[in-house]
Amino acid sequence: MPEPTQQLTEQPNRRSFLRRGALAAAAGGFAAHAVLTSPTARAAPPLPEAPTNELVRMLADLDAALAKPAEKRRWVMVVDTRKCIGCNACTVACRAENQVGPAGSYRRVLRIESGAGPWVAGTFKPANCMHCDNPPCARAVPAGMIRKRPDGIVELDYTRLKGQYAHAAAAACPYGAIHVEDGRNFTDGTPAVQEYEKREFVEYGKSWRRSELVGVARKCHFCLHLLEAGSLPACVSTCIGGAMHFGDASLPNSLVRELLNKNRTLRHKEDLGTAPRVYYVAEPFPTTPQAACNTCHY
Ligand code: SF4
Ligand code: SF4
């Protein structure tokens, strides 16, 4: 595969800027892995491929997917918890990209402990909206307030999903993925609310400010605005450990399709019949005799 920088020959524009940012983040992530997998580190899990190369491949997959009609795409997220180091860089990137204030978070990284005695193991489980194919949130509110797009993204109508409906949707989500915006800022109570907390952001094709969304339900939208600009969701391009993967599972040669084919995967609370679009690699850690933490805890 050519060097990543050789592939970025586009003229500077928002799309190439976003892509360069993604690759720079990946380079940092690979450096972190180099530390984790040094000979002095204790039995770190092997890396099948450098994250930088995976990002380049996911960007190429994205181009191929965007060339197809929306209804032919099947966006999925594949999370390899063996690579997640719990740094929360993805959560911070998500907050910054989508102007998520202190009322909630589109994304959480849970710490899970399993095993006993000398075999105690800790793992991190990043989670966001699962973009369920059978979403309970949508059934809890009047038709049209929450909509399943043809590409699978579950979209909220910010002009209607507010007040009692926002709370009903949040209560119906079995993954705790929805929160209700309260308009607070992280810098409330300081001499000045910082400008970055008041800036406009784009979701569902429109510009918003958080002050306009008080009482409205909010959640992850797979960074739809970035996808449409040809870039990956912020959590994926920022992931320090290379744990996050995104793409069109209907493309036979895509990285996400390959990961799903090669690995045993689990989906969170699959027994509820929600048909989530976020998959977790369920292979065991190489250093512990127990099954993957995911086996019991998902
Ligand atoms: S994870 Fe929750 S908010 Fe997201 S689609 Fe499923 S039920 Fe709705
Ligand atoms: S950025 Fe990646 S490694 Fe860090 S917590 Fe998020 S998913 Fe895990």
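Let's start with residues 1-14, where pLDDT stays under 50. This is a predicted model, and for that stretch it has 14 contacts beyond four places in sequence. There is another such stretch at residues 287-298: pLDDT stays under 50 there too, and the model has 28 contacts beyond four places in sequence. As for the protein in general, the mean pLDDT is 85, and 78% of the residues reach 70 or more.

Now have a look at strand β12, residues 278-281. Which way do its residues point? Val278 and Tyr280 point one way, while Tyr279 and Val281 point the other way. All four of those residues are buried. That fits a general pattern: in a regular strand the side chains alternate between the two faces of the sheet.

Who are the partners of β12? One of them is β1, which pairs with β12 in the parallel sense over 3 bridges. If you want a spot to find on screen, Met77 stands opposite Val278 in β12. Strand β11, residues 265-266, also pairs with β12, in the antiparallel sense and over 2 bridges. Here the spot to find is Leu266, which stands opposite Tyr280 in β12.

Next, a helix. In α6, residues 164-172, which residues are buried? They are Ala166, Ala169 and Ala170. Seen down the axis of α6, these buried residues fall within an arc of 100 degrees, so they line one face of the helix. The reason such a spacing works is worth remembering: an α-helix has 3.6 residues a turn, so residues three or four places apart point the same way. And what covers the buried residues of α6? The cover includes the helix α5 (136-139), along with the strands β4 (146-148), β6 (179-180) and β9 (217-218).

Let's move to the loops, and to two residues with an unusual backbone angle. Most residues other than glycine have a negative phi. Asn88, however, is not a glycine and has a positive phi of about 65 degrees. You'll find Asn88 in the loop between β1 (75-79) and α4 (89-98). The second one is His131, again not a glycine, with a positive phi of about 45 degrees. His131 sits in the loop between β3 (121-127) and α5.

Are these two buried or exposed? Asn88 is partly exposed, because it has 18 other C-beta atoms within 10 Å, and 20 or more would be needed to call a residue buried. His131 is buried, because it has 26 other C-beta atoms within 10 Å.

One more loop residue, Ala70, lies between α3 (51-66) and β1. Ala70 is partly exposed, with 13 other C-beta atoms within 10 Å. Which residues does Ala70 touch, leaving aside its neighbours within four places in sequence? Its contacts are Pro150 and Asp151. Right beside those two in the numbering is Arg149. Ala70 and Arg149 are 79 residues apart in sequence, yet 8.6 Å apart in space, C-alpha to C-alpha.

Finally, let's visit ligand 2. How many residues surround ligand 2? There are 16, and the closest are Cys84, Cys87, Cys90, Cys239 and Gly241. Both α4 and β3 supply at least two residues each to this shell. As for the make-up of the shell, it divides into 12 nonpolar residues, 4 polar ones and no charged ones.

That's my tour, so thanks for listening!

How values were computed: Residues numbered from 1 in each chain as written. Chains lettered and ligands numbered in written order. Predicted model: local features only at pLDDT ≥ 70, side-chain atom pairs only at ≥ 80, totals over all residues. pLDDT = per-residue confidence, 0-100. Contact = placed C-beta atoms within 7 Å. Buried ≥ 20, exposed ≤ 12 C-beta atoms within 10 Å, placed from the backbone. Helix = DSSP H or I, 4+ residues; strand = E, 2+ residues; numbered from the N terminus. Arc of directions from axis to C-beta. Near = placed C-beta within 6 Å. Nonpolar A, V, L, I, M, F, W, Y, C, P; charged D, E, K, R; others polar. Pairing = 2+ DSSP bridges.
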